[in-house]
Structure formats: C-alpha cells, structure tokens
Number of protein chains: 2
Amino acid sequence: MDVDLKRLYTLTLQECSGPCDDGRIGRAQKFFHSLHIVAVRPPVEIGDRAVNGWEYLVKVTAGTKTTRLGQGMDHDIAKPHDRLAAWLAQDMVAVNALIHARMVSEHAPRIPEVTDHLINAGGKRLRPLLTLAAARLCGYEGPYHVHLAATVEFIHTATLLHDDVVDESERRRGRKTANILWNNQTAVLVGDYLFSRSFQLMVETGSLRVLDILANASATIAEGEVLQLTAAQDLGTTEAVYLQVVRGKTAALFSAATEVGGVIAGAPEDRVRALFAYGDALGVAFQIVDDLLDYGGTAQAIGKNPGDDFRERKLTLPLIKAVAKADAEERAFWQRTIAKGDQREGDLEQALAIMARHGAMEAARADALAWAAKARTALEPLPEHRLRIALQDLADYVVSRVN
Amino acid sequence: MDVDLKRLYTLTLQECSGPCDDGRIGRAQKFFHSLHIVAVRPPVEIGDRAVNGWEYLVKVTAGTKTTRLGQGMDHDIAKPHDRLAAWLAQDMVAVNALIHARMVSEHAPRIPEVTDHLINAGGKRLRPLLTLAAARLCGYEGPYHVHLAATVEFIHTATLLHDDVVDESERRRGRKTANILWNNQTAVLVGDYLFSRSFQLMVETGSLRVLDILANASATIAEGEVLQLTAAQDLGTTEAVYLQVVRGKTAALFSAATEVGGVIAGAPEDRVRALFAYGDALGVAFQIVDDLLDYGGTAQAIGKNPGDDFRERKLTLPLIKAVAKADAEERAFWQRTIAKGDQREGDLEQALAIMARHGAMEAARADALAWAAKARTALEPLPEHRLRIALQDLADYVVSRVN
C-alpha cells in the first residue's frame, strides 16, 4: 500500500505465504519503527479461526515522503534476523508502540526531541527480538514479553547515549550523536531518564525474578564499562579481562534479554538456563566480531571508521593476542602507540602487519566461531521450533560477517 | 574510646542517658561513615531486657590519625537531624555497612576508588535517616528498611555524580569532585553503577510497591534534571516550572524515602500518604532554602560560592519572582545577564539590589516557611512518637537557616 504521511491509517497485518524478499521486510521494519500506533484491534475470530489480522490505527509523522509497505512474508528469507522480525512482526509493532508511548515526557520537551532522534536512527532492534523469540519459543501467550522487549531496548539506548559521551563519539549508524547534536549534559540526563523508564516498564511485569535478572545485568553492564575505561591503554590487559569487558558491553544484556523471555513464560529451569547460555555466547561472539571488523571492515559496513579502536588505544581481542606474542621490537611498538599514545602516519598499517604475522585475527575469528557454536548448542534443550532454528542460525550469521 | 586505625575493633553501641553535645554526635557520625563493619552481634537479652548494646566488629581503614568516639547520647540534642541520627544510630550502622559492602566491585578496581572518595566526603545521610525514621515510626521490625535507606543514598550519590558532570562542578562539600579527580567518563559510569546497585538493593526487599515508587521517583528525578537544563537562561521560566524542577532535584527522592519507609512497614494508606506528603513538602522547602542561600549565604556555610546560580544563569525562585516584577530597565538587565550571559563586574550586586527592591528574597522565604508548615501538618495522621516530633522539627529546622 502507499502511505501518505501525516494522516491516520488503519493498518492490517497478517502473515502471508507468498514469496518475499529481504528488501521488502527491511522497508516494513523501517516503517514500523517510525510510526505512532494510536489504537490496536485484535483479529476477529470465528470459531477457532481468525478471519483477519491485527488492525493498527497508525499516525504517520516522520518526514514527508511516502513509503510502500511490503505485504508478503515467508519462511525463505535469507537472514535469520529478518526471519525473526517477520515472524514476530505483530509483537514488534506492540513493542514499538510501547517504546513510543514511554519515550515521551510530560514536563521536559527536550526529552522527546532526543528520543525521536534516537528512534529515527533505526537500529536492528536485535535485543527486543531476542526477548520476544525466547518468550514465544517457551509458549508465552501473555502481554509482558512486550514490556520486557521494550525494557531491554531502553536499557540498550540509555547505554549508547552514555557510551557516546564517554567515547566522545560524533557519529553512530551514520548519524550525528546526541552529545554532538545537543551536548554531553543532555545525553547523560536523557540516558538516565531512559534507564528510569526501563525500570518502570519492568516493574509493570510484576515478576521479581525478572527484576532481579535485569538489575544484575545493569550492574554487570556498568561495571564492564568502567573496566573498559581503565583497561584502555593498558598492555597488561588479559583475555580474561577482555571477556569481562565484553560481558558488560554486550553479553550481559543479550543473556538477560533471552533469560527474561523464558522466565516470563514460566519455562522450566533447564530451558531458562539454556536461554541464558545462548544469549551470553551470542553476545560474546557478536562483540568479538565487532572488534574484528574494526580492523578489517569498511566504514560503510561497520558504521564507523576502521581502526578507531587502535586510535582510541582500546585493547580488543586481536590486539591482546598480538601483544601476548610480541618480540622486543613489537613490544616497543605497542608501548609507543598504545601505552603512550604516540601514534604516527602508517602505524595502523604496521599494527595490522604485526597482527597478521602472529595470526591474531585468525585466532580471534576462531574464538568467535567457537562462541557461536556454543550458542547453537546451548539451545538444544529447547523444543524443535522455527524460532529456535532462527536463533541458532542467527549465531552462525553473526560470525559469517568475518568468515 | 581512642581508636587506633588499621586494626580490628569490637564496638559496642548503646543509648545513654547522660549529657551530650552536638559535637560529640557529629564525631560519632563521622566515625560510622568511615568504618567498615566486619560482623554484627545483636544485644544479649535476659528475659525482656537487653544486658548490652549491639556489638559491631569494625575494621578501621581511613587515614592514619586516631579518633575519639563520643559515647553519650541524649534527648536534649538541639538539632532534629542529630536527634534522628542518635536514635537511629544502630540502624545507621547497618545502613553504612550495607553501603560499604555494595559499593565495591568484583572486577573494576576504579569503582571502589571513586566510591571511597564519595563515602569519605561524608554528607548528612539525611535521606536514609528519613527512610529509617518513617519505617520505625510505623512500627517496622524487619530488616528491609536498611536496604531501602541504602537504596535512597545510592540513588542520591549517583545523581550527584551525574549532576557534577552536567554542571561542570569542581568542588562539592569542600572536596574536589569525581569528574575533576578522575574525569567525566568515570563520573558518568560510576554513577550508572551506583544506580544499578541501588536497583539490586531494592529488588531484595521483594516489595513490588516499593519498586514502583522508586522507579517513578527515578523518572521524576531524571525528568526534572533535563527540565532544569532547558529552563536555565530562559526568562520565561515560571514558578510552576521551578516547582517541577525542584520536585525532580530534591522532593521526589525525599518523598520516595519517607513513603517507602511506611510501605515496607505495612502502614495503613492514610499514613503512607501522609509520609509522602511530608517528604514532598520537606524537599521543596529544603530546595527553596538552598536556592535562597546561594544569594545570601557564605561559602563556608553552603559549601560552594555564593552567586553560583546567578553566574550559571539558573532561574531559581528569588530570581523568577524578581523577573516577574521587572520594569523595562530591569528586564534589560536580566536579558543581558541571564538570557545572553553577558555578565560584568558588579552584576551580582546589582541583581541582589533588584531582588531586594521587589522583596523577592522575602517572598521566597515565605514560600519556604509555608512548605515547612505543610510538612509539619502532613505528619499529623502519624502516631505521637519522638520520631514524629523530630521529623516535624526537622521541617522547621530546614527553613531556620534562612529565618
């Protein structure tokens, strides 16, 4: 359908069995991210059969161009993330509506300005998809997986706002960051606000166990960020410290996202543990790949400049592996460029050459593959289900970017 | 007793009936703030009579000098805050022990460095005292008022860390701030860590209602901080906006502190509402007084330089009242100094003269007194109790600083 912006629409969503392509799913996803849901009506059921899909009254407010919304979705979509997005599209509409509803502020108009900017930046919404998939995979039929999915996205967004202040980042996903568009003060305080809003959302689920998991994840995230700050420039950083940082940066929220999905569904303990282990291993694999791409990707593919970690003197896995095998001359090089921060023209290329000499990239890649395999295996206690298979494929897909 | 630092002690606390002075209480409080409790033993009871006080095994680690600890506490202490501190001394020892235990970090050594600095900075511990007093006043005998008192102190400390980044403050309570001693990154991330730790503590109480109250308070705090940021330099700021900022900065945590004390004690609804109303009014009175002192206090009394709000172009109550009554010439003055930020030698004195001309300080002082009276009246549904009287006296004491 053609969507004329700035008008109200009734949007009907239903699963179709016709052919579909990735691009169409991508457009649909983008569309969901930028719309404001005004009202939702569930499918009309006659007997045990729905005669229509969910209907959403939407207000389209972003930009002035029109968007064509794909209608068909099928099971042959190549990317597992897009398969999850397609199957969980109805849940994701509810999640996005909740995110929109809770990102506003009654009193401080600056808040919606910033949060609208963040929303429109898009993002893959990977963490909420993990929560929704875990809950549905465990047979959940209640309403609170939506709250939890919105919660993990809020925590993620709050973390990004503070990260960009800490790293003095100027761009994220190709757009200017909030600390640049407004200022550090705004980014810190709106981050605090989003964190508080996430906290309100999770309290609404009424599950103390879920609150416990998310409180612990929050502490691990903050601890990991502090550890990363002090580990930077420190050539003594070990792989164990790196793993702790990675758990804080990425894996703690991934594992909390999948674990709370299982908990809210009332899944048995072995399945909850399996979902936790999956999220943890997926998160570690994801972050190792991200760190590898910093040395090997293109600016377009990774949304930032390659070599940023080297310039910011961050000790990520390939560098830690190379430092561990350094001879005296190489050690002097790392000492100058990383510990002292005295970097010159050609140093990045030199760093890459030293890493190549010791097979540091290959070793890090092998670690990422091992974590992905661990994620795949972790899910085996879960029932055979297309969502389980998509989650397992997601682990392989994450590392395929460097394979 | 003389305390030889760097050794382990068994410390016995008991209420005494002998004469006492404020200074001794102050020293005792300072001592409790800087000690690490290793173990606690409750009073030995024979029949219904305790034959000794609580015993605390303490490890003294701060500094190298010795401290003399006052032993007598009585009911004639002049300041209501010190009366509360004396009566709730046993609870406060447990609160401080919990704060010490939870401010550490397993993985990131930077965290205890910063939190030790914050702990040693002292502070009045007013918010935890409010929680303890509210819970005890409602007859609470369980353990969780201690968790909640530590929670509100953690939220307060996290807020201060972020505030100092936002305001680019260099000193607080006469000591260098964390953003200056370390850097903004550290202050932001350790603030996030403390906020997460507060969240873990409150989850341990197992009370969803308490979680709901504290989640809402957190959102109000963050919203108020953002509002303050955008209201600065804006001559259109009304008293209603100021009140919203004050609720965020101060009153939301005061009212949550007293309300959760009542809730954890299972107090009837009218008493819980009374405790909320008391905390809210006390917080507003407290902040108006703070803002008045910025124009009238001495650097020593207020722990910062008088006139800072004027220099930072913050619209606090006296200024808002003066702007509302400004003639054309005065309006031009405010336009230049506050809206444009073009401040010159003698402008602060000129600002004070204009405020005096319109009775702005007196009017703000009258507002503070009215809020204090509201706080006193709010507590009337609570039972006659020395804690209730101390809380009511505290409201008067808070405004006595400008009376």
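This is a short talk on a predicted model with two chains, A and B.

First, the conventions. Local features are given where pLDDT is at least 70, side-chain atom pairs count only at pLDDT 80 or more, and totals for chains, interfaces and linings use all residues. Residues are numbered from 1 along each chain as its sequence is written, and chains are lettered from A and ligands numbered from 1 in the order in which they are written.

I will start with chain A as a whole. Chain A has 18 helices and nine strands; helices are DSSP runs of H or I with at least four residues, strands are runs of E with at least two, and both are numbered from the N terminus. Of the 403 residues in chain A, 48% are buried. Buried here is a count: 20 or more other C-beta atoms within 10 Å of the residue's own, with 12 or fewer called exposed, anything in between partly exposed, and the C-beta atoms placed from the backbone. As for contacts in chain A with a separation of 6 or more, 74% of them are between residues 24 or more positions apart. A contact means that the C-beta atoms of two residues, placed from the backbone, lie within 7 Å.

Next, the two copies. Two copies of a chain are related by a rotation about an axis and a shift along it. Here, a turn of 180 degrees and a shift of 0.0 Å along the axis lay chain B on chain A with an RMSD of 0.0 Å. The two copies are thus related as by a two-fold rotation axis. The superposition is by least squares on C-alpha atoms of residues with pLDDT of at least 70 in both copies.

The interface takes 37 residues from chain B and 37 residues from chain A. On the chain B side, the elements that give two or more residues are α4 (110-120), α6 (144-166), α8 (184-204) and α9 (208-231). The largest share is from α9(B), with 14 residues. By class, that side has 19 nonpolar, twelve polar and six charged residues. The classes are simple: Ala, Val, Leu, Ile, Met, Phe, Trp, Tyr, Cys and Pro are nonpolar, Asp, Glu, Lys and Arg are charged, and the others, Gly among them, are polar. Since 100% of the interface residues of chain B are also interface residues in chain A, the copies meet through the same surface.

Two of those interface helices also pack on each other. The axes of α6(B) and α8(B) come within 8 Å and cross at roughly 160 degrees. Axes are lines fitted to C-alpha atoms, for helices over the stretch in contact, with angles from 0 to 180 degrees between N-to-C directions. That makes α6(B) roughly antiparallel to α8(B), where under 35 degrees is roughly parallel, over 145 roughly antiparallel, 65 to 115 roughly perpendicular and the rest oblique. The crossing of α6(B) and α8(B) is left-handed, meaning that the near helix is turned anticlockwise from the far one by less than a right angle; clockwise would be right-handed. Residues making this contact include B:Phe154 and B:Leu161 of α6(B), and B:Leu194 and B:Phe195 of α8(B). The residues of this contact divide into 14 nonpolar, seven polar and three charged.

Which residues does B:Asn179 touch beyond its neighbours within four places in sequence? They are B:Asp164, B:Val165, B:Asn184 and B:Ala187. B:Asn179 itself is in helix α7 (residues 178-181) of chain B, and with 24 C-beta neighbours inside 10 Å it counts as buried.

A second helix pair in chain B is α11 (residues 269-296) with α17 (residues 360-378), whose axes come within 8 Å and cross at roughly 160 degrees. α11(B) and α17(B) are therefore roughly antiparallel, and their crossing is left-handed. Among the residues in contact are B:Tyr278 and B:Ile288 of α11(B) and B:Trp371 of α17(B). By class, this contact has 18 nonpolar, one polar and three charged residues.

Helix α2 (residues 80-87) of chain B is mostly covered, with six of its eight residues buried. Among them are B:Asp82, B:Arg83 and B:Trp87.

Last, two backbone points. B:Gln233, in the loop between α9 and α10 (239-264) of chain B, has a positive phi near 75 degrees without being a glycine. B:Arg313, in the loop between α13 (308-311) and α14 (317-324) of chain B, is also not a glycine and has a positive phi of about 60 degrees. B:Gln233 is partly exposed, with 15 other C-beta atoms within 10 Å, and B:Arg313 is partly exposed with 18.
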